[in-house]
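Open the model in your viewer and keep the selection panel handy. We will go from stop to stop, and each one tells you what to pick and what to look for.

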Amino acid sequence: MAFVFRRAAATNFRRYSTAAPSSAPGTSSKTGLYIGVTSVLGLAAAYYYMQDTPAPAAPKVPLTSALDKDNFVDLKLKKIEPYNHNTAKFTFELPPNTASLLPVAACVVIKTAPGKEDPDHPPLLDAKGKPYVRPYTPISPSDHPEEITFLIKKYDTGKVTPYLHAMKPGQTIGIKGPFPKTPYKVSNIKIDNAFRTPMYQIIQHAMSLPDDKTKITFLFSNVSEADILMRETLDAWAQKHPDRLKIVYALDKGSDKWDGPTGYVSKEMIQKYLPAPSDKVQILVCGPPGQVKSVAGAKDGMKQGELGGVLKELGYTQEQVFKF
């Protein structure tokens with residue numbers, strides 16, 4: 001998933017589409033944002049245009065966060081709701097009068113070890129005897145009280161997702177965070193709190209701000225139509241805010257009835273749906289390593305790494321691209 005701000009800047013991380021070949025302060029604001037994203041959900045691109053946008057009203061949220069960025073907090077699984085053939089929603093309980101209060105955009109990490117011994121839910125350990133730790137971005141609003149929900153796809157060849165999908169309500173898991181990525185900005189106001197899930201999180205936040213004039217085009221790549229997650233919600237947002245949100249679905253290989261773009265996210269696709277390079281544009285990219293490398297160059301561990309791929313070929317600069 002990638003976000004492009006018309007200035008510099010905007011999780012789980014997707015493997016839905018096959019990886020592309022590795023080769024392969026002012027008083028008046030008039031800014032735009034373009035976003036391209038790939039993640040657990042797909043490759044996305046978005047553009048927003050903001051003009052004379054007032055500061056958003058402070059949201060009514062619980063006073064405290066249930067999370068801790070320095071320590072794992074054990075959360076109890078409340079329910080699992082199947083979403084499609086390989087994905088489910090996992091809702092965990094939070095203490096009374098709390099919420100996740102994650103900033104936008106930010107993620108948490110999940111540890112494959114409950115805080116208390118449970119013979120029916122033993123820890124999952126690696127070869128060194130340590131639990132696995134993986135990043136996930138919630139799909140529930142930051143101020144949603146007493147619950148936090150994740151949309152998680154099961155990879156049969158993976159380690160962590162089969163473990164999570166085998167959990168039962170009442171069992172616990174360790175969660176730590178938040179870990180901010182890049183702030184969502186409305187006009188010249190910096191919001192320290194904004195699927196592939198990072199993109200879903202940002203769009204959800206933007207659509208909740210009635211005075212936000214942001215216009216977003218979301219280029220969302222998946223293997224097949226069945227793999228498009230939260231499509232009903234995304235389409236509902238686009239229908240409700242046609243002047244602010246446009247979603248473009250792309251598939252690795254569409255059926256005979258598919259009339260949208262197909263294939264890897266390419267130079268041509270980016271040129272068609274995203275704005276040209278500008279000092280007022282920022283692109284955000286999120287996805288599996290192979291895709292990120294092809295589109296924007298490889299990350300250097302947790303660091304951004306040098307800009308590369310088709311975005312560099314098209315003339316975007318290091319400051320205009322952010323990789324989740």
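## First stop: arginine 244

Select arginine 244 and follow its side chain, which reaches the backbone oxygen of alanine 206 at 2.7 Å. That is a polar contact, meaning a pair of N or O atoms within 3.5 Å; within protein, one must be able to donate a hydrogen and the other to accept it, and residues adjacent in sequence count only if both atoms are side-chain atoms.

Before going on, a word about what is on screen: this is a predicted model, where local features need pLDDT of at least 70 and side-chain atom pairs count only at pLDDT 80 or more, while totals for chains, interfaces and linings use all residues. Residues are numbered from 1 along each chain as its sequence is written, and side-chain values use heavy atoms, with hydrogens and water left out.

Where does arginine 244 sit? Look in the loop between α3 and β15. Helices (H or I, at least four residues) and strands (E, at least two) are DSSP runs, numbered from the N terminus. Is arginine 244 buried or exposed? At 8% relative accessibility, arginine 244 counts as buried; buried means under 20% relative accessible area, exposed over 50%, and partly exposed in between (1.4 Å probe, protein chains only).

Now show the surroundings. Leaving aside neighbours within four places in sequence, arginine 244 is in contact (heavy atoms within 4.5 Å) with Ala206, Met207, Leu209, Asp212, Thr214, Lys215 and Ile216.

## Salt bridges

Add aspartate 212 to the selection. Its side chain and that of arginine 244 form a salt bridge at 3.7 Å, N to O. The term stands for a side-chain nitrogen of Lys or Arg within 4 Å of a carboxyl oxygen of Asp or Glu. This pair links distant parts of the chain, 32 residues apart: aspartate 212 lies in the loop between α2 (196-207) and β14 (216-222), and arginine 244 in the loop between α3 (231-240) and β15 (245-251). Both aspartate 212 and arginine 244 are buried.

How many salt bridges does the structure hold? There are six. For another, select arginine 231 and glutamate 225, whose side chains meet at 3.0 Å, N to O. Add Asp235 as well: salt bridges that share partners join Glu225, Arg231 and Asp235 into one network. Arginine 231 is partly exposed at 25% relative accessibility, and glutamate 225 is partly exposed at 38%.

Next, pick aspartate 70, in the loop between β4 (64-65) and β5. Its side chain meets that of lysine 69 in a salt bridge (3.4 Å, N to O). Aspartate 70 counts as exposed, with 51% relative accessibility. Turn on proline 178 too: its C-alpha is 9.1 Å from that of aspartate 70, although the two are 108 residues apart in sequence.

## Into the core

Select Phe92, Phe150, Leu164, Ile173 and Ile175. These have the most contacts inside the largest nonpolar core, which has 23 residues. Such a core is a set of buried Ala, Val, Leu, Ile, Met, Phe, Trp, Tyr and Cys residues joined through side-chain atoms within 4.5 Å. Which elements supply at least two residues each? They are β5 (73-82), β6 (87-93), β8 (106-111), β10 (147-153), α1 (160-165) and β11 (172-180). A second, separate core of 21 residues includes Met199, Ile203, Ile247 and Leu251.

Stay with β10 and colour the whole strand. Seven of its seven residues are buried, so β10 is largely enclosed by the rest of the structure. Glu147, Thr149, Leu151 and Lys153 point one way from the strand, and Ile148, Phe150 and Ile152 the other way. β6 runs antiparallel to β10, and seven bridges join them; two strands pair if DSSP finds at least two bridges between them. Threonine 87 stands opposite lysine 153 in β10.

## Last stop: helix α5

Finally, select residues 289-296, which make up α5. Gln291, Val292, Ser294, Val295 and Ala296 are buried there. Look down the axis: the buried residues fall within an arc of 165°, so they line one face of the helix. (The arc is that of the directions from the helix axis to the C-beta atoms.) Step just past the end of α5 to glycine 297, which takes a positive phi of about 90°.
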